[in-house]
Amino acid sequence: MHAPTGIYFLALLAPLAAATLALPPQLFSNLIPQKVLATYKSLPSPVQYPQYTDTSVGHWLDFSPDTWTSGFFPTTLYALNTRKSICGATAVNGLTAADWLTLGRSASTGEIPLELHNNQGHDVGFLSFPFVEELAVNPNNQTALTAVKQFAADLAARFNPVVGCTRSWDTADPTDFTVIIDNMMNLEVLWVAYGLTGNETLRDIAIAHADTTMKNHIRTDGSTWHVVEYNSTTGVVIRKRTSQGFSDNSTWSRGQAWGTYGYANMYQHTNNPDYLTTARRLATYFLNNLPSTGIVPWDFNAPQPRPADTSAATIMVNGLLLLGQLDPTPAGQNWTAAALNLLNTTTALAWKPSWQSLLSNGTVNLPANNFLTGIVYGDYYYIRAGNQLVTMGLAECE
């Protein structure tokens, strides 16, 4: 089913808002710090970072630091430091096992050379995540300050004022200017650097990119195209397509989640009501197109059988929690209720005590035959969701 444009899903979720919002007990399991610590101890030297697991026994596969996902595992260590600060460390929650801040700082060092040279294009925003977390702990950390400013400068250099966007992937033809919906999440590094430097150009680039993406990436029903190709000299849209979804006219669920979270975050920074409206539209489509099981599919329009993507689910949980905090209308509690519902269905499907990852059933890239895995960013956003619920007063730590 497709939600009509501008119609929210209030009727769909009203029973959830009135019900007891139960949480999966695994969300604060002591297996989480145990697994994360074991992964840290197994990092190779020179350092490589886990991105996804194999599909049989759930062992992490490690990749070069010059990979778009390399910031997520160090950021996971910072997330456990946050959990320790808001929950305390006890034998029950397992957070006494390590000094998570020290481990996060140690794991981040493999990313430092990427400030001067990397091949990640727009994904420097994701690379910046652990350094942004460090600044929340120590605003005077010069290593983190340098990293955030440099990654923001890298992203700003990819902005084309004619197109109105930052370039995502590089292309053989320089006039083919490719932008993906994922880039809405990378804009955060521009906002952090703007807060540090007062450089209004960084802010203006983030706003221009969000405005252009809002115009060209979103269909009338609130679904999204994964990829929009522009002519870099005229700004004209050449093509709208997918790279990781089922078809050019389908909706890749992780892209829909990135977009929801990204526009909620843009509203948080600007108070522009258009961004709130857009986040609501994307969230509505996502929730109204879930199957009856509540399990997030890899692509909403792909035929059965289709794999799940638990990483799309946990990203969306965080986007919904942010939207629930920002939305001033009665819909706010429904976004939060929907987030908790997603947490429960995702945990029931994918919690894997025997795997090195927390969750299974992630889809990295189905066209590349990479699915039924644990995924490092799926795990990170699972932990972060628990932390957010504690700070919102909706969860207890044990």
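In the predicted model, helix 3 (residues 72-87) and helix 4 (residues 100-108) have axes that come within 8 Å and cross at roughly 165°. The two helices, helix 3 and helix 4, are therefore roughly antiparallel to each other, and their crossing is left-handed. On the side of helix 3, the contact is made by Pro-74, Leu-77, Tyr-78, Leu-80, Asn-81 and Lys-84. Helix 4 contributes Trp-100, Leu-101, Leu-103, Gly-104, Arg-105, Ala-107 and Ser-108. By class, the residues of this contact between helix 3 and helix 4 comprise 8 nonpolar, 3 polar and 2 charged.

Helix 3 also carries one half of a disulfide, since Cys-87 lies in this helix. The structure holds 1 disulfide, which joins Cys-87 to Cys-397 with an S to S distance of 2.0 Å. The torsion about the S-S bond of Cys-87 and Cys-397 is about -75°, so the disulfide is left-handed. Cys-397 is located in the segment after helix 15 (376-391), and the pair therefore ties together parts that are 310 residues apart in sequence. Both Cys-87 and Cys-397 are buried. Another cysteine, Cys-165, is likewise buried, with a relative accessible area of 0%.

A second helix pair is formed by helix 13 (residues 310-326) and helix 14 (residues 331-350), which pack at an angle of about 160° with their axes 8 Å apart. This angle makes helix 13 roughly antiparallel to helix 14. The crossing of helix 13 and helix 14 is left-handed. From helix 13, the contact involves Thr-310, Ala-313, Thr-314, Met-316, Val-317, Leu-320, Leu-321, Leu-323 and Gly-324. The residues of helix 14 in the contact are Gly-332, Trp-335, Thr-336, Ala-338, Ala-339, Leu-342, Leu-343, Thr-346, Leu-349 and Ala-350. The contact of helix 13 with helix 14 has 13 nonpolar and 6 polar residues, and no charged residues.

Ser-311 is also part of helix 13. This serine, Ser-311, is buried, with a relative accessible area of 1%. Leaving aside neighbours within four places in sequence, Ser-311 is in contact with Arg-254, Ile-375, Tyr-377 and Gly-378. For one of these partners, Tyr-377, the C-alpha to C-alpha distance from Ser-311 is 6.6 Å, at a separation of 66 residues in sequence.

Burial was further examined in helix 9 (residues 188-197), where Val-189, Leu-190, Trp-191, Val-192 and Ala-193 are buried. The elements that cover the buried residues of helix 9 include helix 5 (124-127), helix 6 (129-137), helix 7 (142-156) and helix 8 (183-186). Helix 10 (200-216) and helix 11 (253-270) are also among the covering elements. Just after helix 9, Gly-198 takes a positive phi of about 75°.

Several departures from common backbone geometry are present in loops. Most residues other than glycine have a negative phi, and most peptide bonds are trans. In this model, a cis peptide bond joins Ser-45 and Pro-46, with omega about -5°. Pro-46 is found in the loop between helix 2 (31-41) and strand 1 (49-53). The peptide bond from Gln-304 to Pro-305 is also cis, with omega near -5°. Pro-305 lies in the loop that runs between helix 12 (273-288) and helix 13.

Positive phi values occur at two asparagines. Asn-271, although not a glycine, has a positive phi of about 60°. The position of Asn-271 is in the loop between helix 11 and helix 12, and at 56% relative accessibility this residue counts as exposed. Asn-369 is not a glycine either, yet has a positive phi of about 65°. Asn-369 is found in the loop between strand 8 (362-365) and strand 9 (370-373), and counts as exposed at 61% relative accessibility.

Terms used:
Residues numbered from 1 in each chain as written. Predicted model: local features only at pLDDT ≥ 70, side-chain atom pairs only at ≥ 80, totals over all residues. Heavy atoms only, no water. Axes fitted to C-alpha atoms, helices over the stretch in contact; angles between N-to-C directions. Helix = DSSP H or I, 4+ residues; strand = E, 2+ residues; numbered from the N terminus. Parallel < 35°, antiparallel > 145°, perpendicular 65-115°, else oblique. Left-handed = near helix turned anticlockwise from the far one by under 90°. Contact = heavy atoms within 4.5 Å. Nonpolar A, V, L, I, M, F, W, Y, C, P; charged D, E, K, R; others polar. Disulfide = S-S within 2.5 Å. Buried < 20%, exposed > 50% of the residue type's maximum accessible area, 1.4 Å probe, protein only.
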